[in-house]
Amino acid sequence: MTTPWWQPGGQSVDEEPMVRPFMLTGGRTQPVHDGLRIETQLHAAPAALSAPLRFESRRIVELCQSPRSIADLSSTLGAPLGVVRVIVADLIAEGYVLVGEAPDELSTALIERIRDRVRAL
């Protein structure tokens, strides 16, 4: 029998260590760049792969080599939407990630894809 996670020694050998979301954002809950919706399309700047980024920031830049939405990133990383928005906003402010032009109207296929990705969380 394994000890529950909240008791000392509660993490079993089979489990991956968990990083609390506030650790990924430095305790911040609000992004520095407003207007980031879950369907916002992002792509990495050309030189972003050579930037000295770590952890989730590095992974986001790798994933954004082809256009991705914030919902896609959240689902792929297994991180909450709010956390991804904060990290992405930092990457935008630093010039590593660029925001694609938002369509005036979302296609049904895109809405369904976003819905499916959010449900996967």
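Which residues are linked with Asp-72 in a network of salt bridges? This is a predicted model, and the route to the network starts at the sheet and passes through the core.

The sheet is open and has three strands in the order 2-1-3, with antiparallel pairing. Strand 2 and strand 3 are the edge strands, each pairing on one side only. Strands of a sheet pair through backbone hydrogen bonds, either parallel or antiparallel. Here two bridges join strand 1 to strand 2, and three bridges join strand 1 to strand 3. Leu-42 stands opposite Arg-68 in strand 2, and the bridge partner of Leu-42 in strand 3 is Val-99. His-43 stands opposite Leu-98 in strand 3.

The side chains of strand 1 alternate along the strand. Leu-42 and Ala-44 point to one face and are buried, while Gln-41 and His-43 point to the other and are not.

Leu-42 also belongs to the largest nonpolar core, which has 22 residues. Leu-42 is listed with Ile-60, Val-61, Leu-73, Val-88 and Leu-91 as the residues with the most contacts inside this core. Strand 1 (41-44), helix 2 (55-63), helix 3 (70-77) and helix 4 (81-93) each give two or more residues to the core. Helix 4 gives the most, with seven residues. Among the residues that Leu-42 touches are Leu-73, Val-88, Ile-92 and Val-97.

Helix 2 has the buried residues Ser-57, Arg-58, Ile-60, Val-61 and Leu-63. These buried residues pack against strand 1, strand 2, helix 3, helix 4 and strand 3.

The salt bridges come next; the count is five. One of them joins the side chains of Arg-37 and Glu-39, at 2.3 Å from N to O. Glu-39 counts as buried because its relative accessibility is 15%, and buried means under 20%.

Another salt bridge joins Asp-72 and Arg-113, with the closest N and O atoms 2.5 Å apart. This pair links distant parts of the chain, as Asp-72 is in helix 3 and Arg-113 is in helix 5 (residues 108-120), 41 residues apart. Asp-72 also forms a salt bridge with Arg-117, where the closest N and O atoms are 3.4 Å apart. Arg-117 is in helix 5 too, and this pair is 45 residues apart.

Asp-72 has a relative accessible area of 2%, so it is buried. Arg-113, at 38%, counts as partly exposed, and Arg-117, at 28%, is partly exposed. The opening question is thus settled: Asp-72, Arg-113 and Arg-117 are linked in a network of salt bridges.

Terms used. Residues numbered from 1 in each chain as written. Predicted model: local features only at pLDDT ≥ 70, side-chain atom pairs only at ≥ 80, totals over all residues. Heavy atoms only, no water. Core = buried A, V, L, I, M, F, W, Y, C linked by side-chain atoms within 4.5 Å. Buried < 20%, exposed > 50% of the residue type's maximum accessible area, 1.4 Å probe, protein only. Helix = DSSP H or I, 4+ residues; strand = E, 2+ residues; numbered from the N terminus. Contact = heavy atoms within 4.5 Å. Pairing = 2+ DSSP bridges. Salt bridge = Lys/Arg side-chain N within 4 Å of Asp/Glu carboxyl O. Lists of a residue's contacts leave out its neighbours within four places in sequence.
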